Amino acid sequence: MSILVVGSVAFDSIETPSGKRTKILGGAATHFALAASYFTDVRVIGVVGEDFTAEHEAVFERRGIDTEGIERADGLTFHWTGEYSGTLNEAKTLGTDLNVFATFAPKIPEQYKDSEYLFLANIDPVLQLQVRQQMPDVKLVCGDTMNYWIADHRANLDKVLAVLDVLLINDGEARMISGEQNPVKAAEKVMQLGPKSLVVKHGEYGATGYFSERAFGGKASRPFRAPALPLGEVVDPTGAGDSFAGGFYGYIASQPELTPAVFKTAMFYGGVMGSFAVERFGTDRLASVTSEEINERFELFREISHLEDALAGA
């Protein structure tokens, strides 16, 4: 099953307590695609500039990711600069150079239109909606957003929320969208806006899945918590959420049917891929992990969470 992801392919300049890197490969679509590629076929729509080289392209090619949908434009690639300190839970943005991304208008190649799964990564909700409208026959559509779009582009974001099956956001974003501080009430209000299911990411504390009555015929009404794996060292948290989304959605797309058990298992695979992403700067670890390592880490999640007991009641 093929996933089509639309989002940013970018360069990141990052400083953490572990060191500093300048203009390394990043972007929401990049991290998502790499993580999802270990489970299913992935197609990417984005835009890059003249500074995007064959070496950067090879990172996608080695994972078998289809990049025909990445447009090459005159100018420089989107560049984000940020730093982390303390708990590493949140980055301080030092600079955002949109460059060619400022005029990005997603174009869907004809050969991509049979994609069965669509992921709308964190971009302008106007662009997300345009892509969604061009892909009316997808089997499932999942999306992401952030505080900037919630605060300043709410009317357009609401139009996107209305056409999503699954939304992935963090705790703060759930509170912003809903106006509620209580996490359960916040989730309920978010799902009333359209998404059938909601995954709220808690960083180093895992993620919680919420289900409306429209999800699985009302058979998965109770929230489900998937833990994060305790890690001895976190080098670079950038892209961890997008990697979680890639592992989560990639696993779903690899299964013949979406059931509550598949959804819950997918949350664990999201945690697996997110845990790999933070172990090195940029995409270094995510691009080189093996299937054996993924399986081993998934088994660790099973051991610390008693996943089998949870799935027995799914």
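This passage walks through a sheet, its helices, one loop residue and the nonpolar cores of a predicted model.

Let's start with the sheet. Nine strands make up an open sheet with mixed pairing, and their order reads 5-4-1-8-9-10-11-12-13. At the edges sit strand 5 (66-72) and strand 13 (224-226), each of which has a pairing partner on one side only. On average, neighbouring strands here are turned by 15 degrees against each other, if direction is ignored. As a bit of background, strands of a sheet pair through backbone hydrogen bonds, and they can do so in parallel or antiparallel fashion. Strand 8 (residues 117-120) and strand 9 (residues 140-144) are a parallel example, joined by four bridges. Zooming in on that pair, F119 has C142 of strand 9 as its bridge partner.

Next come two helices. Helix 1 (residues 28-36) lies across strand 1 (2-6), strand 4 (41-48) and strand 8, and it runs at about 165 degrees to strand 1. Helix 9 covers residues 260-277, and a quick check on its length works out nicely: at 1.5 Å a residue, its 18 residues should span 26 Å, and the end C-alpha atoms are indeed 26 Å apart. Of those 18 residues, 17 are buried, so helix 9 is largely enclosed by the rest of the structure.

What about the loops? H202 has its place in the one between strand 11 (197-201) and strand 12 (207-211). Its relative accessible area is 13%, and because buried means under 20%, H202 counts as buried. A polar atom of the H202 side chain lies 3.5 Å from the backbone oxygen of V200. Once neighbours within four places in sequence are set aside, the residues in contact with H202 are D171, A207, T208 and R225.

Finally, the nonpolar cores. In soluble globular proteins, nonpolar side chains tend to be buried together. The largest nonpolar core in this model has 60 residues, and F119, F248, Y249 and M273 are the ones with the most contacts inside it. Helix 9 is the top contributor to this core, giving ten residues. That ties back to the helix with 17 of its 18 residues buried. F248 shows what such a core residue touches: leaving out residues up to four places away in sequence, the list is V166, L168, V199, F263, A266, M267, Y269 and G270. There is also a second, separate core of 36 residues, with V6, V100, V138 and L164 among them.

Notes
Residues are numbered from 1 along each chain as its sequence is written. This is a predicted model: local features need pLDDT of at least 70, side-chain atom pairs count only at pLDDT 80 or more; totals for chains, interfaces and linings use all residues. Side-chain values use heavy atoms; hydrogens and water are left out. The expected span of a helix is 1.5 Å times one less than its number of residues. Buried means under 20% relative accessible area, exposed over 50%, partly exposed in between (1.4 Å probe, protein chains only). Two strands pair if DSSP finds at least two bridges between them. Axes are lines fitted to C-alpha atoms, for helices over the stretch in contact, and angles run from 0 to 180 degrees between N-to-C directions. Contact means heavy atoms within 4.5 Å. A polar contact is a pair of N or O atoms within 3.5 Å; within protein, one must be able to donate a hydrogen and the other to accept it, and residues adjacent in sequence count only if both atoms are side-chain atoms. A nonpolar core is a set of buried Ala, Val, Leu, Ile, Met, Phe, Trp, Tyr and Cys residues joined through side-chain atoms within 4.5 Å.
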